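The report below considers how one helix is packed, and then turns to the cores and the surface.

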Amino acid sequence: MARPDKAAAVAELADMFRDSNAAVLTEYRGLTVAKLKELRRSLGENAQYAVVKNTLTKVAANEAGISELDELLEGPSAIAFVSGDPVEAAKSLRDFSKANPLLVIKGGVLEGKALSADEIKKLADLESREVLLAKLAGAMKGSMAKAAATFQAPLTQFARTADALRAKVEQGGAGEPAPAAEAAEAAAE
C-alpha cells in the first residue's frame, strides 16, 4: 500500500498534468538553488517549475493519460508545467539553457502530443501568440480593403462613363450641330 504522502504527491502531479497546456521535462543536474530560483522567475506566471521524483512522475503522468514521458524520466528531473502560452515558456527555457548549459531540455508534451527537445526548440523560435494574431488581423484587413476596392471599381467606372457621356451631350448641344443633324440638313438640300 502506498504511503499517504506519496499518494498525495502523485495526485498533485496528475492534477498539474491535467491542468496545464504543456509540460516540458528538463534535467537540472549541477544547477544551484539560486539558478533554479532565477529560472522560476524567468518563467513568470506563465509556468510552474517543479523538481520531481521520476517514479512518482511516471505514475502521475500515466494517471493523467500521458505515457510519452516514461523513457525521458531518468536522472534528476524537473518539469515546467505551462498554463499560459507554451511558446513563451519554451523561449524562457531555451534562453535560460543557453545562458546555463547545465539545464538540459529533454522533451515534453503539448496538448497530449509528445515533443522532442528539438521540437521544443522549434516551438521557442515561433513568434508569440499576440504577434501572430496581429499579423493575421493585418492580413485580413488588407484582404477586406482589396475586396471593397474590387467591388467598388465597376460602380466608379460606370459613374465616370455616365459623367463623360453627360459632358459630351452638353458640349454637343451647346453650339455645334450634332453629326446626325448635319447629315439630315445636307440630305434635305
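## Helix α3 and its cover

In helix α3 (residues 54-63), the buried residues are Asn54, Leu56, Thr57, Ala60 and Ala61, where buried means under 20% relative accessible area with a 1.4 Å probe and protein chains only. They lie on the same side of α3, because the arc they cover around the axis is only 155°, taken from the directions from the helix axis to the C-beta atoms. Helices (H or I, at least four residues) and strands (E, at least two) are DSSP runs numbered from the N terminus.

The cover over these buried residues includes α1 (4-19), β2 and β3. After α3 comes Gly65, which has a positive phi near 90°.

## Basis of the model

The model is predicted, so that local features need pLDDT of at least 70 and side-chain atom pairs count only at pLDDT 80 or more, while totals for chains, interfaces and linings use all residues. Residues are numbered from 1 along each chain as its sequence is written, and side-chain values use heavy atoms, without hydrogens and water.

## Nonpolar cores

The largest nonpolar core (buried Ala, Val, Leu, Ile, Met, Phe, Trp, Tyr and Cys residues joined through side-chain atoms within 4.5 Å) has 23 residues, and Leu39, Leu43, Tyr49, Leu93 and Leu103 have the most contacts inside it. Its largest share, five residues, is supplied by α4. Beyond its neighbours within four places in sequence, Leu39 is in contact (heavy atoms within 4.5 Å) with Tyr49, Leu93, Phe96 and Leu103. A second, separate core has 18 residues, among them Ala23, Ala50, Leu56 and Leu69.

## Leu136

Leu136 belongs to helix α6 (residues 129-174) and is partly exposed, at a relative accessible area of 47%, which falls between the 20% and 50% limits for buried and exposed.
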